[in-house]
Amino acid sequence: MKLWKTILAAAVLALAGSQAFAARTDLVIGITLEPPHLDPTAGAAAAIDEVLYANVFEGLTRIGPNGEVLPDLTESWAISDDGKVYTFKLRTGVKFHDGSDFDAGDVKFSLDRARADNSVNAQKALFAAIDTVEVVDPTTVKVTLKNPQGSFLYNLGWGDAVIVAPESADTNKEKPIGTGPFKFQSWAKGSSITLVKSDTYWGAPVFLDKAEFRIVPDAAAAVPALLSGDIQAFPFFDPDSVAQVKDDPRFKVVIGSTEGETILAINNKKPPFDKLEVRQAIAFALDRKAIIDGASAGLGVPIGSHMSPASKAYVDLTGLYPHNVDKAKELLKQAGFENGIKATLKLPPPSYARLGGEIIASQLRDVGIDLEIIPVEWAQWLDQVFTKKDYDLTIVSHTEPNDIDIYSRKDYYFNYDNPAFDKIIAELNLTSDDAKRNTLLGEAQKILADDAVVGFLYELPKVGVWDAKLQGLWENAPIQANDLTKVKWAD
């Protein structure tokens with residue numbers, strides 16, 4: 001009897017020990033903005049990709065943590081000598097989360113849908129170079145371009161280019177069905193979005209069984225959530241709150257780079273902002289250092305055009321418009337506004353916009369531009385500003401990668417039109433040579449700066465704070481994503 005008690009006690013201790021040392025398989029991640037819906041192919045909001053990119057949905061290619069192009073649903077590709085025909089060999093054994101098989105037909109459907117006349121894809125221009133998409137066989141797709149496009153494989157790695165199935169495409173906004181390592185479980189609107197591990201995933205299985213994206217719009221609530229353990233990671237943390245956790249050994253604080261050009265966007269066709277002198281006056285009125293100190297805790301990197309300083313094509317144009325109140329007033333007088341200007345400044349919810357807006361309004365007031373600040377929710381911003389172009393000025397971070405071409409889009413919310421810039425973008429789209437592309441990108445940056453199209457402020461820093469035992473979260477943000485494919489808890 002004593003022997004059995006001894007064996008039983010040992011077994012209990014062994015079980016308790018194994019449970020004590022077993023790594024966790026759940027994670028709660030804090031995000032600031034709730035996605036308007038859950039379909040990356042039908043919305044411009046970065047919050048959609050922050051939850052779903054690489055986790056639920058996959059593309060032919062994907063962008064890696066260092067901005068590199070990696071194969072995803074295609075295992076390889078061949079490019080014709082003239083650079084116009086791409087033949088993709090697809091992975092086999094891939095299934096969508098509803099159990100249906102992935103094949104070449106899904107690729108054709110997705111690419112044709114994204115570039116169709118009635119497409120609602122926010123980045124429809126990414127697919128403009130495609131002439132035809134042909135199903136060669138179930139595992140082979142041939143894409144023929146109208147002209148060579150050096151960025152084509154990179155473009156296919158955007159969240160807007162993920163592959164969806166025709167059977168579920170229309171319901172992805174509420175019930176997303178992809179091929180990724182996680183599948184959608186639930187969405188408690190206003191609270192959280194939960195993903196769970198997919199047991200049918202084609203690739204290496206993920207370490208996490210469950211990941212909950214908890215919506216925390218109030219930056220002041222993030223620190224208590226971390227300290228209590230309710231949330232274990234904020235991949236995009238409020239810079240102003242870092243001081244409260246940076247010395248706590250329970251957490252890791254990582255300052256990385258993003259592709260987020262933070263700008264004071266200007267409606268270029270709305271008087272008086274259709275006058276170059278007025279836009280240049282705004283540029284001279286902006287004190288970037290004060291804005292960076294106040295809106296990003298001094299962590300942002302100043303920019304003078306629409307390009308990340310981390311890019312090899314970056315040109316430093318921050319000296320073109322140094323802070324100069326007298327010069328700004330002089331330009332306004334030349335434009336006929338010596339008595340000042342009244343305008344509106346619509347601010348979306350992120351703290352960089354709300355805090356930065358107060359600072360910028362004060363700076364512009366000093367030169368004679370009186371702004372009425374109008375706070376708007378994200379859905380309102382997308383409707384009023386981005387879609388209807390009903391605004392004077394606004395502040396936003398453009399976190400899409402390598403997106404300088406947005407200034408050549410005729411229906412884009414900047415309302416900017418410059419044939420010389422458009423010509424450079426057209427040539428860029430035909431160019432594959434990296435050195436030549438960098439030269440063209442430099443010329444494009446210079447035109448945007450000279451035209452003071454928007455007020456270029458700073459590159460949004462990626463401030464991440466998470467449990468020190470957590471491994472595999474991205475330190476930088478070359479694309480708007482919280483890729484959980486390598487995330488795990490230390491044993």
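How much space lies in the second largest pocket? In this predicted model, the answer is about 850 Å³. Its lining takes in 48 residues, and those nearest the centre are Leu33, Glu50, Pro350, Tyr352 and Leu460. Quite a few elements chip in: strand S1 (26-31), helices H2 (46-52), H5 (219-228), H9 (351-365) and H10 (378-387), and strands S17 (393-398) and S19 each give at least two residues to the lining. By residue type, that lining splits into 31 nonpolar, 10 polar and 7 charged.

Strand S19 is a good place to go next. Spanning residues 462-467, S19 has 6 of its 6 residues buried, so the strand is largely enclosed by the rest of the structure. Two strands pair with S19. Strand S12 (residues 251-256) runs antiparallel to S19 and is joined to it over 6 bridges, with Gly256 of the pair matched to Lys462 in S19. Strand S11 (residues 233-234) is antiparallel to S19 as well, this time over 2 bridges; here Phe234 has Val465 as its bridge partner in S19.

Asp467 also belongs to strand S19. Setting aside neighbours within four places in sequence, Asp467 is in contact with Gln232, Arg250, Phe251 and Trp489. As for Ser80, it sits 387 residues from Asp467 in sequence, and the two C-alpha atoms are 47 Å apart in space.

Strand S17, already met in the pocket lining, is also part of an open sheet. That sheet has 6 strands in the order S14-S18-S13-S17-S15-S16, and its pairing is mixed. Strand S14 (301-302) and strand S16 (369-375) form the edges, each pairing on one side only. Further in, strand S13 (residues 261-266) and S17 are antiparallel partners over 6 bridges, and Leu264 finds its bridge partner in Ile395 of S17. Two helices lie across strands of this sheet. Helix H10, another contributor to the second largest pocket, lies across strand S15 (341-347) and S17, at about 110 degrees to S17. Helix H7 (residues 288-295) lies across S14 and S18 instead, and runs at about 45 degrees to S18.

Strand S18 brings the enclosed spaces into view. The structure has 4 cavities of 30 Å³ or more, and the largest cavity holds about 90 Å³ of space. Which residues lie nearest the centre of the largest cavity? They are Ala283, Arg288, Gly304, Tyr321 and Phe456, out of 13 lining residues. Strand S18 (455-459) supplies at least two residues of this lining, and helix H12 (434-450) does likewise. The lining is made up of 10 nonpolar, 2 polar and 1 charged residues.

Helix H12 turns up again at the largest pocket, which contains about 1,200 Å³ of space. Some 43 residues line that pocket, with Ser151, Tyr154, Asn402, Arg437 and Leu441 closest to its centre. Helix H4 (152-155), helix H11 (419-429) and H12 are the elements that give two or more residues to the lining. Sorted by type, the lining of the largest pocket has 20 nonpolar, 16 polar and 7 charged residues.

That leaves another open sheet, built from 4 strands. Its order is S4-S5-S7-S6, and the pairing is antiparallel. Strand S4 (74-79) and strand S6 (130-137) are the edge strands, so named because each pairs on one side only. From one strand to the next, the twist averages 20 degrees. Edge strand S6 and strand S7 (residues 140-145) pair in the antiparallel sense over 6 bridges, and Val135 stands opposite Val141 in S7. Helix H3 (residues 104-115) packs on this sheet, where it touches strand S5 (85-90), S6 and S7. The direction of H3 makes about 170 degrees with that of S6.

Notes:
Residues are numbered from 1 along each chain as its sequence is written. This is a predicted model: local features need pLDDT of at least 70, side-chain atom pairs count only at pLDDT 80 or more; totals for chains, interfaces and linings use all residues. Side-chain values use heavy atoms; hydrogens and water are left out. Buried means under 20% relative accessible area, exposed over 50%, partly exposed in between (1.4 Å probe, protein chains only). On a 1 Å grid over the protein atoms alone, a cavity is a set of points where a 1.4 Å probe fits but cannot get out, and a pocket is an open set with protein on both sides within 12 Å along at least five of seven lines; lining residues have an atom within 4 Å of a point. Grid points are joined across faces, edges and corners, and a volume is the space filled by probe spheres set on the points. Ala, Val, Leu, Ile, Met, Phe, Trp, Tyr, Cys and Pro count as nonpolar, Asp, Glu, Lys and Arg as charged, and the others, Gly among them, as polar. Axes are lines fitted to C-alpha atoms, for helices over the stretch in contact, and angles run from 0 to 180 degrees between N-to-C directions. Contact means heavy atoms within 4.5 Å.
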